Amino acid sequence: MNNDPRGTVITLGSLMLIENAYVEEVNCFDFTEGYLVVSYITPENNNTSSMQMLQLNLNNRTAVLDASGQSICLCCIQKGAFVNAVVSS
């Protein structure tokens, strides 16, 4: 996994920042609600890493922005894209 472009998670208090997460799945129920399944890399103790998957639930209060900071709909995100996400439980 050393050449894997997926990023990792940084914990910021009660928030997690996932940088360069790979979009595995997109389910868009309408233009404002749905979920993404993303994968990222987690370092292990023995100098290796493992891939983790996380479902991100989105609703009409979730900010979804493109690379230039403009609002886009969830449905604009495609499987195979790389995204940055700030998430909370």
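This section describes the confidence, charge pairing, packing, pocket and selected residues of a predicted model.

The mean pLDDT of the chain is 89, and 98% of the residues reach 70 or more. Confidence within the chain is lowest in strand 1, residues 9-12, where the mean is 88. The highest value, 94, belongs to strand 2, which covers residues 15-28. Where pLDDT is low, predicted coordinates should not be read in detail.

With respect to charged side chains, the count comes to 1 salt bridge. The partners are arginine 6 and glutamate 24, whose side chains meet at 3.4 Å, N to O. Arginine 6 belongs to the segment before strand 1 and glutamate 24 to strand 2, so the pair ties together parts that are 18 residues apart in sequence. Arginine 6 has a relative accessible area of 17% and is therefore buried, the limit for that class being under 20%. Side chains of opposite charge can pair when their charged atoms come close.

The largest nonpolar core comprises 14 residues. Those with the most contacts inside this core are Val23, Leu36, Val38, Leu56, Leu58, Ile77 and Val83. Two or more residues are given to the core by each of strand 2, strand 3 (34-43), strand 4 (49-58) and strand 5 (82-88). The surroundings of leucine 36 illustrate the packing. With neighbours within four places in sequence left aside, leucine 36 is in contact with Val23, Val26, Leu54, Leu56, Leu58, Leu74 and Ile77, and also with Glu25 and Gln55.

Serine 39 is found in strand 3. Its relative accessible area is 0%, and serine 39 is therefore classed as buried. Beyond neighbours within four places in sequence, the contacts of serine 39 are Arg6, Ala21, Tyr22, Glu24, Met51, Gln52 and Met53. Both partners of the salt bridge, arginine 6 and glutamate 24, are thus included among the contacts of serine 39. Serine 39 and serine 88 are separated by 49 residues in sequence and by 16 Å in space, C-alpha to C-alpha.

The largest pocket has a volume of about 570 Å³. Its lining consists of 19 residues, and Thr62, Ala63, Asn84, Ala85 and Val86 lie nearest the centre. At least two lining residues are supplied by each of strand 4 and strand 5. Strand 5 provides the largest share of the lining, with 7 residues. Rolling a probe the size of a water molecule over the atoms shows where empty space is left.

Valine 86, one of the residues nearest the pocket centre, is 76 residues from isoleucine 10 in sequence and 9.5 Å from it in space, C-alpha to C-alpha. Isoleucine 10 is found in strand 1 and, at 34% relative accessibility, counts as partly exposed. Residues up to four places away in sequence not being counted, isoleucine 10 touches Leu15, Met16, Leu17 and Glu19.

In strand 2, asparagine 20 is notable for its backbone: phi is near 60°, a positive value in a residue other than glycine. Most residues other than glycine have a negative phi. Asparagine 20 is partly exposed, with a relative accessible area of 30%.

Two residues of the loop between strand 4 and strand 5 were also examined, namely serine 71 and cysteine 73. Serine 71 is exposed, with a relative accessible area of 65%. Residues up to four places away in sequence being excluded, serine 71 touches Val64 and Leu65. The C-alpha atoms of serine 71 and valine 83 are 14 Å apart, and the two residues are 12 apart in sequence. Valine 83 is among the residues with the most contacts inside the largest nonpolar core.

Cysteine 73, under the same exclusion, touches Phe31 and Val64. Val64 is therefore listed as a contact of serine 71 and of cysteine 73. Cysteine 73 and cysteine 28 are 45 residues apart in sequence, with a C-alpha to C-alpha separation of 9.2 Å.

Notes
Residues numbered from 1 in each chain as written. Predicted model: local features only at pLDDT ≥ 70, side-chain atom pairs only at ≥ 80, totals over all residues. Heavy atoms only, no water. pLDDT = per-residue confidence, 0-100. Helix = DSSP H or I, 4+ residues; strand = E, 2+ residues; numbered from the N terminus. Salt bridge = Lys/Arg side-chain N within 4 Å of Asp/Glu carboxyl O. Buried < 20%, exposed > 50% of the residue type's maximum accessible area, 1.4 Å probe, protein only. Core = buried A, V, L, I, M, F, W, Y, C linked by side-chain atoms within 4.5 Å. Contact = heavy atoms within 4.5 Å. 1 Å grid on protein atoms, 1.4 Å probe; cavity = no way out; pocket = protein on both sides within 12 Å on 5 of 7 lines; lining within 4 Å. Points joined across faces, edges and corners; volume = space filled by probe spheres on them.
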